[in-house]
Structures are given as C-alpha cells and as structure tokens.
Amino acid sequence: MEEELKKAENLEAKVEKSEEEKLKEKIDIQNKELEEKEDRIKRLMAEFENFKKRSDKERTNLYSSVMGDVVTALLPVVDNLEKASQVETKDEQYKSGIQMVLTQFKEVLKNNGVTEIEAVGKKFDPSIHEAVSLVEDKSLGEKEIKEEYRKGYMIGEKVLRHSLVVVAN
C-alpha cells in the first residue's frame, strides 16, 4: 500500500507540475500578446501624431497658397495706386486721398505677412530679383541693383512677384 501511496503522490505532483507549466505557458502567451498590443498602440499613436503634423503643414501651405494667389491678383492695384500718388496734380486733397488709400492697402498687406522685396542698393539675387537690364556704373559694386522698375513682394519665404531691376556691372 505504501507503494501505491507513493505512486499516487508522484502522480499528484506530476499533475500539479503539469498544471503549473500550463499556467506559466498561458501567462507567457498572454504577456507576448500584451506586448504586441502595446507596441501596436504606440505605433498607432505615433502615426496619428505624424498625421496631425502633416495635416497642419498642409493646411498652412494651402492657406499661404490661397493668400498668395489673392495678393498676387491685387498687386497691380497697388502699382497703379503708387503711380497715381506720384502724378503731379493741382488738387492736393485728391492726391492725399490716393496716398491714404495706398497706405491703407500696404498696411493690410503687411498685416497679412506680405513684405516688399528690397532692391535698390542691394546685391542682385536671382531668387527674388529679375534683371531686365545691365549697365556699367563705376560708382556701384558688382551685381549691385541700380534701379527698380517694378516692386517685388513676398509672403513668408515665398516670392509672390520678383522685383524687376537694373543691375550694374
């Protein structure tokens, strides 16, 4: 009977070990699944953050593009107002009115991020200036802009219209 008792105890121990091993395997499997799900969640969160950044950038670029198109369409109006303000006239109130409208127009452009491109006295830069003529002038440096025919404008880093300039030497 002792032998049978020992066999029964051994059998019980084996069953306990077997159940314990099964539980350990189950825990290991669940831990792996948990790690995989955590990794997937982290990847999805990173992907979503990248999507938000990309969407913000696209929205900003679209806004700049639309704003640039609108401003580009209005630049001839600014040019004409500048010309009108330079014309000699006997009616000073008329000239003053033109000047006020021009000033207001330029202020609106400035408030929307539009800046004039500096030209006269600066070094020629083909990315923002367009040369319409070359002249020899010993009083000016090499590739220095002598004269500006038409003002150029930028919005942020984007050139809306290149300055038309005369370049010396």
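This is a short walk through two sheets, one buried arginine and a set of salt bridges in a predicted model.

Let's start with the sheets. As background, strands of a sheet pair through backbone hydrogen bonds, either parallel or antiparallel.

Take the sheet with β1 in it. Three strands make an open sheet, and the order is β1-β4-β5. Pairing here is antiparallel. Which strands stand at the edges? They are β1, residues 114–116, and β5, residues 158–161. Each has a single partner strand, so one side of each has no neighbour in the sheet. On average, neighbouring strands of this sheet are turned by 35° against each other, ignoring direction.

Now the pairing of β1 with β4. β4 covers residues 153–155, and three bridges join β4 to β1. The two run antiparallel. If you want a register marker, use Val-114: the bridge partner of Val-114 in β4 is Ile-155.

Next, the sheet with β2 in it. This is an open sheet of three strands, ordered β2-β6-β3. Its pairing is mixed. The edges are β2, residues 129–135, and β3, residues 144–150. Again, each edge strand has a single partner, so one side of each is left without a neighbour in the sheet. The average turn between neighbouring strands of this sheet is 35°, direction ignored.

Look at β3 against β6. β6 spans residues 163–168. The two strands pair in the antiparallel sense, over five bridges. For the register, Glu-148 stands opposite Val-165 in β6.

Back to β5, for a single residue. Arg-161 is found in that strand. Is Arg-161 buried or exposed? The relative accessibility is 11%, and the cut-off for buried is under 20%, so Arg-161 counts as buried.

What does the side chain of Arg-161 reach? It makes a polar contact of 2.7 Å with the side chain of Asp-79. It also reaches the backbone oxygen of Lys-151, at 2.8 Å. Setting aside neighbours within four places in sequence, Arg-161 is in contact with Leu-75, Pro-76, Asp-79, Ile-117, Arg-150, Lys-151, Gly-152 and Tyr-153. So Asp-79 and Lys-151 appear in that contact list too.

On to charge pairs. In general, side chains of opposite charge can pair when their charged atoms come close. How many salt bridges does a search of the whole structure find? Eleven. I'll show three of them.

Here is a pair within a helix. Glu-20 and Lys-24 form a salt bridge, with the closest N and O atoms 3.8 Å apart. Both residues lie in helix α1, residues 2–86. They are four residues apart, about one turn of the helix. Glu-20 is partly exposed at 47% relative accessible area. Lys-24 is partly exposed as well, at 49%.

Now a pair between elements. Lys-106 and Glu-116 form a salt bridge, closest N and O atoms 3.3 Å apart. Lys-106 lies in helix α2, residues 92–111, and Glu-116 lies in strand β1, so the pair ties together parts ten residues apart in sequence. Lys-106 is partly exposed at 27%. Glu-116 is partly exposed at 36%.

One more pair. The side chains of Lys-146 and Asp-137 meet in a salt bridge, 3.6 Å from N to O. Lys-146 counts as partly exposed at 38%, whereas Asp-137 is buried at 17%.

Last item, the network. Salt bridges with shared partners join Glu-82, Lys-106, Glu-116 and Lys-151 into one network. Lys-151 is also the residue whose backbone oxygen the side chain of Arg-161 reaches.

Note on methods
Residues numbered from 1 in each chain as written. Predicted model: local features only at pLDDT ≥ 70, side-chain atom pairs only at ≥ 80, totals over all residues. Heavy atoms only, no water. Pairing = 2+ DSSP bridges. Axes fitted to C-alpha atoms, helices over the stretch in contact; angles between N-to-C directions. Buried < 20%, exposed > 50% of the residue type's maximum accessible area, 1.4 Å probe, protein only. Polar contact = N/O pair within 3.5 Å; in protein donor to acceptor, adjacent residues only side chain to side chain. Contact = heavy atoms within 4.5 Å. Salt bridge = Lys/Arg side-chain N within 4 Å of Asp/Glu carboxyl O.
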